[in-house]
Amino acid sequence: MAAARPAGYRARPVTPVAPPRTLTPGGRRWLLACAVIVVAALAVATLAFVAAARSTTGMSEGHRDALQTTTRDAVERLMTVSPAASAQHRTDVADRLTGRLAAEYRSRGPDVVLPGARQSNVTMSAKVVGVGVRTDDDAGETRMLVFVDQTVAVPGSVTQRGSTAKWAFMRNVEGTWRLADLTPVNSVAGVGTGAG
């Protein structure tokens, strides 16, 4: 026997089940592009770290650790950009550079790593999350693989965050390791190719 319904009871209308959502062609392309970028970034990072781990550096562990720390410090300082940066910050960065990169930084400032940074009042912070020694030779130059997390803020625009892999070319200048060049991993041609 069915239960008695209270006075004034009205059955609720049945809501039909919505058909499954389908992506528009533009949405599919965007999703595919994001997936390709993520997979490519992971592949590059994995291969680069494996290559760095397998390379023979000929360095003692203490020397390698000191070089990694020096590289991390130089890259983070160079890639930290702010319209309010003090003269002391610019001097600290310049003291960690050498060669053409040092000369360009003195003349162009943060535009060396982020073209248009001064004109656009860009603020960028960088955190090195990994450093691997790729090569070491008798000429006092070493190529380091650097993984960087960075945040870029432009006034009036959305803050962007991302990760990048770069080659940091370190040069021994009278016993002190300095950053001679900084390039994306896909455009390595040797020291002096530019700080992209």
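The accessible surface of the protein chain comes to about 12,500 Å². Carbon and sulfur atoms account for 56% of that surface. The model is a predicted one. Buried residues make up 31% of the 196 residues in the chain.

**Overall fold**
- The protein chain has five helices and four strands.
- Along the sequence, the pattern reads α-α-α-α-α-β-β-β-β.
- Take the contacts between residues at least 6 apart in sequence: 51% of them join residues at least 24 apart.

**Helix α1 and Val44**
- Helix α1 covers residues 25-54, and Val44 lies in this helix.
- Val44 counts as partly exposed because its relative accessible area is 39%, which falls between the 20% limit for buried and the 50% limit for exposed.
- Val44 and Asn186 are 142 residues apart along the chain, yet their C-alpha atoms are separated by 9.3 Å.

**Helix α2 and Gln68**
- Helix α2 runs through residues 61-78 and holds 18 residues.
- At 1.5 Å a residue, helix α2 should span 26 Å. Its end C-alpha atoms are 26 Å apart, so the expected span and the model agree.
- The buried residues of α2 are Leu67, Gln68, Thr71, Ala74, Val75, Glu76 and Leu78.
- An α-helix has 3.6 residues a turn, so residues three or four places apart point the same way.
- Gln68 belongs to helix α2. Its relative accessibility is 16%, so Gln68 counts as buried, the limit being under 20%.
- Beyond its neighbours within four places in sequence, Gln68 is in contact with Val131, Gly132, Val133 and Met144.

**The β2-β3 hairpin**
- Strand β2 covers residues 141-153, and strand β3 covers residues 160-173.
- The two strands pair in the antiparallel sense over 12 bridges.
- One bridge joins Val146 to Lys166, its partner in β3.
- β2 and β3 form a hairpin, with six residues between them.
- Gly156 sits in the turn and has a positive phi of about 80°.
- In a regular strand the side chains alternate between the two faces of the sheet.

**Rings and charges**
- The charged end of Arg143 sits over the ring of Trp167, at 4.5 Å from the ring centre.
- By sequence range, Arg143 falls in β2 and Trp167 falls in β3.
- The structure holds zero aromatic pairs.

Notes. Residues are numbered from 1 along each chain as its sequence is written. This is a predicted model: local features need pLDDT of at least 70, side-chain atom pairs count only at pLDDT 80 or more; totals for chains, interfaces and linings use all residues. Side-chain values use heavy atoms; hydrogens and water are left out. Rings of Phe, Tyr and Trp (its six-membered ring) pair if their centres lie within 6.5 Å; planes under 30 degrees apart count as stacked, over 60 as edge-to-face and the rest as tilted. A charge sits over a ring if NZ of Lys or CZ of Arg is within 6 Å of the ring centre and within 35 degrees of the ring normal. Buried means under 20% relative accessible area, exposed over 50%, partly exposed in between (1.4 Å probe, protein chains only). Contact means heavy atoms within 4.5 Å. Accessible areas come from the Shrake-Rupley method with a 1.4 Å probe; for residues, only the protein chains shown count as cover. Two strands pair if DSSP finds at least two bridges between them. The expected span of a helix is 1.5 Å times one less than its number of residues.
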